[in-house]
Amino acid sequence: MASILPQVTVPFVAANLTQSLWCAAFRPSYSQGWHKYVSVMMLGSTAYSLSLIPFVDLATTTTTSSLYWIPLAMHFGWTTAATLVNLNGSLAMNYDVQESTMIAAGHASSVLATALGVGVTLSYQLPAYGLTIAWALAACAKGMRVSTAENVGAKIQKGLLTMGSIVSAGTAIYTLVV
């Protein structure tokens with residue numbers, strides 16, 4: 001494990017720095033204009049930094065030591081999903097953005113989260129990432145308060161979130177079994 005720590009240190013420190021900056025971005029001065037996207041950029045940078053951790057190499061370590069990396073994989077998944085949620089929230093803060101644009105952004109975010117959940121889980125052999133994405137998608141689907149009978153866009157969105165959750169969880173389970 002000592003040989004892997006140098007490979008993990010720089011991305012881990014970068015992730016912590018950018019997440020700290022993400023926390024600092026929630027000030028009133030960052031709620032107007034382009035500044036509202038600073039939190040999205042910082043959280044996205046956190047996820048990107050975590051993506052630089054050599055999870056594939058970590059998976060080749062012993063089973064016991066590979067369990068140590070599960071929290072990092074979960075944090076990578078959470079920051080990925082939270083970046084998309086923050087982006088949609090920042091778009092929603094623009095009162096001049098049309099509803100069709102918001103619906104398209106929500107649908108695209110659901111599809112992108114699912115694609116990342118599947119792609120990263122398979123390429124990194126990282127089931128904790130896929131399960132975290134699945135959990136986030138399921139939480140977003142459950143949290144939708146709009147009556148799906150009245151709003152076609154919301155019904156489609158809830159379906160995309162639910163299917164994305166199922167597909168991401170299935171991919172994670174597949175990587176555990178194979």
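Begin by selecting helix H5 (residues 70-92) together with helix H6 (residues 99-124): the two pack at an angle of about 170°, and their axes lie 10 Å apart. Because an angle over 145 degrees counts as roughly antiparallel, H5 is roughly antiparallel to H6. The model on display is a predicted one.

Next, show the side chains at this first contact. On the H5 side, select Phe76, Thr80, Leu84, Asn88, Leu91 and Ala92. Their partners in H6 are Met102, Ala105, Gly106, Ser109, Leu112, Ala113, Leu116 and Val120. Coloured by class, the contact of H5 with H6 shows 10 nonpolar residues, four polar ones and no charged ones.

Keep H5 in view and add helix H2, which spans residues 38-51. The axes of H2 and H5 come within 8 Å and cross at roughly 155°; the two helices are therefore roughly antiparallel to each other. Viewed along the crossing, H2 passes H5 in a left-handed sense.

For the residues of this contact, select Ser39, Val40, Leu43, Gly44, Thr46, Ala47, Leu50 and Ser51 in H2. They meet a set in H5 made up of Leu72, His75, Phe76, Trp78, Thr79, Thr80, Ala82, Thr83, Asn86, Leu87 and Ser90. The contact of H2 with H5 comprises nine nonpolar residues, 10 polar residues and no charged residue.

Now centre the view on Thr79, a residue of H5. Is Thr79 buried or exposed? Its relative accessibility is 0%, so Thr79 counts as buried. Which residues does Thr79 touch, leaving aside those up to four places away in sequence? They are Gln19, Leu43, Thr46, Ala47 and Leu50. Of these, Leu43, Thr46, Ala47 and Leu50 are also among the H2 residues that meet H5. Within H5, draw a distance from the side chain of Thr79 to the backbone oxygen of Phe76: a polar atom of that side chain lies 3.1 Å from the oxygen.

Finally, return to H6 and select helix H7 (residues 127-143). H6 and H7 pack at an angle of about 160°, with 8 Å between their axes, which means that H6 is roughly antiparallel to H7. This crossing, too, is left-handed.

To display the contact, select Ser110, Ala113, Thr114, Leu116, Gly117, Val120 and Thr121 in H6, with Pro127, Tyr129, Gly130, Ile133 and Leu137 in H7. The contact of H6 with H7 divides into seven nonpolar, five polar and no charged residues. Ala113, Leu116 and Val120 of H6 appear in the contact with H5 and in the contact with H7.

Definitions and conventions. Residues are numbered from 1 along each chain as its sequence is written. This is a predicted model: local features need pLDDT of at least 70, side-chain atom pairs count only at pLDDT 80 or more; totals for chains, interfaces and linings use all residues. Side-chain values use heavy atoms; hydrogens and water are left out. Axes are lines fitted to C-alpha atoms, for helices over the stretch in contact, and angles run from 0 to 180 degrees between N-to-C directions. Helices (H or I, at least four residues) and strands (E, at least two) are DSSP runs, numbered from the N terminus. Angles under 35 degrees count as roughly parallel, over 145 as roughly antiparallel, 65 to 115 as roughly perpendicular and the rest as oblique. A crossing is left-handed if the near helix is turned anticlockwise from the far one by less than a right angle, and right-handed if clockwise. Contact means heavy atoms within 4.5 Å. Ala, Val, Leu, Ile, Met, Phe, Trp, Tyr, Cys and Pro count as nonpolar, Asp, Glu, Lys and Arg as charged, and the others, Gly among them, as polar. Buried means under 20% relative accessible area, exposed over 50%, partly exposed in between (1.4 Å probe, protein chains only). A polar contact is a pair of N or O atoms within 3.5 Å; within protein, one must be able to donate a hydrogen and the other to accept it, and residues adjacent in sequence count only if both atoms are side-chain atoms.
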